[in-house]
Structure formats: structure tokens, C-alpha cells
Amino acid sequence: MFDQSLVDCRNPVINTVGLSSVALRDIQRIDSKQLKKSRLWMYLPVIMAFLLGEPTFAQDVPPGSAVFNQRCGACHVSGKPSAMGPDLAGVFGRKAGTLANFTYSSAMRDSQRVWNEAELDAFIQNPQKAVKGTKMFAPGISDAKIRSDLITYLQTLE
């Protein structure tokens with residue numbers, strides 16, 4: 001026998017139909033499943049933006065930029081004067097120790113180096129050996145591939 005009447009505004013098919021308490025529980029369970037499914041639609045724009053957004057591939061990141069940021073960027077801030085290290089923007093073709101507004105060691109000023117790939121490679125590998133008496137205290141980078149990527153990145157700085 002129907003001992004309960006349910007008026008459900010959300011479902012016009014069930015409106016004004018008398019239901020037993022068992023049937024009422026079944027409808028509530030169905031409604032909660034439908035509600036959970038409808039919540040998934042709220043996340044659809046976020047999911048679509050993630051899937052359809054412009055992907056970033058490894059080739060989009062300039063080689064050596066991560067190495068520069070991790071190992072060089074603390075002292076060599078590109079585009080800004082720094083007390084720790086000279087700006088490396090435009091380093092290619094520049095004579096070592098000549099950038100204005102930076103105090104170089106006398107060893108660097110007197111080195112007569114002009115920065116090119118070979119000079120940078122030797123210096124990045126072992127700064128203390130390449131220019132004895134330099135103020136640069138970094139240990140250097142022994143991996144040739146990492147040095148090559150870093151030098152490629154340095155060429156992009158202007």
C-alpha cells in the first residue's frame with residue numbers, strides 16, 4: 001500500500017505519485033547518483049582546457065636555460081646589474097673583464113680573452129684553471145653536453 005506521497009520538483013515523471021518508503025529510498029539513491037554524475041560536468045571546462053591547451057614540449061624550452069637558472073642565475077642575473085657576477089647578455093664577442101658597472105678581478109681584466117664558444121667552454125668547465133685568480137668560485141661543469149647547451153643558451157641572451 002502507498003503510505004507516503006512524494007512531490008518531487010526535480011523529476012516531473014515522479015511528481016504526485018504516491019510511493020512507499022522503500023520506493024522513496026530507491027528514488028533518493030537514483031537522485032544521488034544523478035547528482036554525482038552532474039557534478040562531473042562542472043569539471044569538464046577545466047579538463048578540456050588542460051587537454052586542448054597549447055602543449056609545452058622539450059624543444060620549446062631553449063637548451064641550457066634550466067642549467068643557467070639552476071647553476072648560474074643566482075649570480076648572473078640577465079638584464080640587471082649584480083654584485084655577484086656580471087650580466088651575461090651579449091657576452092659573445094665581448095672582451096673578458098670589460099663590462100661597465102662590474103668590478104672584475106685583475107686576472108679577468110688582464111686575460112685578453114674574447115668570449116666565443118671555445119673560450120666559454122674552457123671557462124665553464126673549470127673557471128679557476130681557465131683564468132687563474134678569477135673571482136668566480138663556481139666548481140665548473142664537467143659534462144660536455146651540458147656545457148654545450150649552456151653556451152647555446154648564452155648565445156640567445158641579448
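Leu154 is a good place to start: with a relative accessible area of 5%, Leu154 falls under the 20% cut-off and therefore counts as buried. The model here is a predicted one, and Leu154 sits in its helix H6. Setting aside residues up to four places away in sequence, Leu154 touches Phe68, Leu88, Val91, Phe92, Leu120 and Ile124. There is also a long-range approach to Ala89: the two residues are 65 apart in sequence, yet their C-alpha atoms are 7.3 Å apart in space.

Stepping back to the whole chain, the secondary structure comes to six helices and two strands. Read along the sequence, these follow the pattern β-β-α-α-α-α-α-α, with the two strands ahead of the helices. Of the 158 residues in the chain, 29% are buried. Among contacts with a sequence separation of 6 or more, 35% are between residues 24 or more positions apart. As for the surface, the chain exposes about 11200 Å², and 60% of that area comes from carbon and sulfur atoms.

Back at helix H6, the aromatic residues come into the picture. The chain has three aromatic pairs. One of them joins Phe68 and Tyr153, a tilted pair with ring centres 5.4 Å apart and 50° between the planes. Phe68 lies in helix H2 and Tyr153 in helix H6 (residues 144–156), so this pair ties together parts of the chain that are 85 residues apart in sequence. Both partners, Phe68 and Tyr153, are buried. Phe68 also turns up among the contacts of Leu154. In another pair, Phe102 and Tyr104, the planes stand at 75° and the centres are 4.9 Å apart, so this one is edge-to-face. Phe102 and Tyr104 are both buried as well.

Right after Tyr104 in the numbering comes Ser105, in the loop between helix H2 (65–72) and helix H3 (106–109). Ser105 has a relative accessible area of 10%, so this loop residue is buried too. Its contacts, not counting residues up to four places away in sequence, are Gly133, Thr134 and Lys135.

Helix H3 itself holds Met108. Met108 has 6% relative accessibility and so counts as buried. Leaving out neighbours within four places in sequence, Met108 is in contact with Ala96, Gly97, Trp115, Phe123, Val131 and Thr134. Thr134 thus appears on the contact lists of both Ser105 and Met108. Gly133, a contact of Ser105, is 25 residues from Met108 in sequence and 7.6 Å from Met108 in space, C-alpha to C-alpha.

That leaves the open space in the model. The largest pocket takes in about 660 Å³. Its lining is made up of 35 residues, and those nearest the centre are His76, Pro86, Leu88, Phe123 and Met136. Helices H2, H4 (117–125) and H6 each give two or more residues to this lining. Sorted by class, the lining has 24 nonpolar residues, seven polar ones and four charged ones. Two of the residues nearest the pocket centre have come up already: Leu88 is a contact of Leu154, and Phe123 is a contact of Met108.

Notes:
Residues numbered from 1 in each chain as written. Predicted model: local features only at pLDDT ≥ 70, side-chain atom pairs only at ≥ 80, totals over all residues. Heavy atoms only, no water. Helix = DSSP H or I, 4+ residues; strand = E, 2+ residues; numbered from the N terminus. Buried < 20%, exposed > 50% of the residue type's maximum accessible area, 1.4 Å probe, protein only. Contact = heavy atoms within 4.5 Å. Phe/Tyr/Trp six-rings, centres within 6.5 Å; stacked < 30°, edge-to-face > 60°. 1 Å grid on protein atoms, 1.4 Å probe; cavity = no way out; pocket = protein on both sides within 12 Å on 5 of 7 lines; lining within 4 Å. Points joined across faces, edges and corners; volume = space filled by probe spheres on them. Nonpolar A, V, L, I, M, F, W, Y, C, P; charged D, E, K, R; others polar. Areas by Shrake-Rupley, 256 points an atom, 1.4 Å probe, with all protein chains shown as cover.
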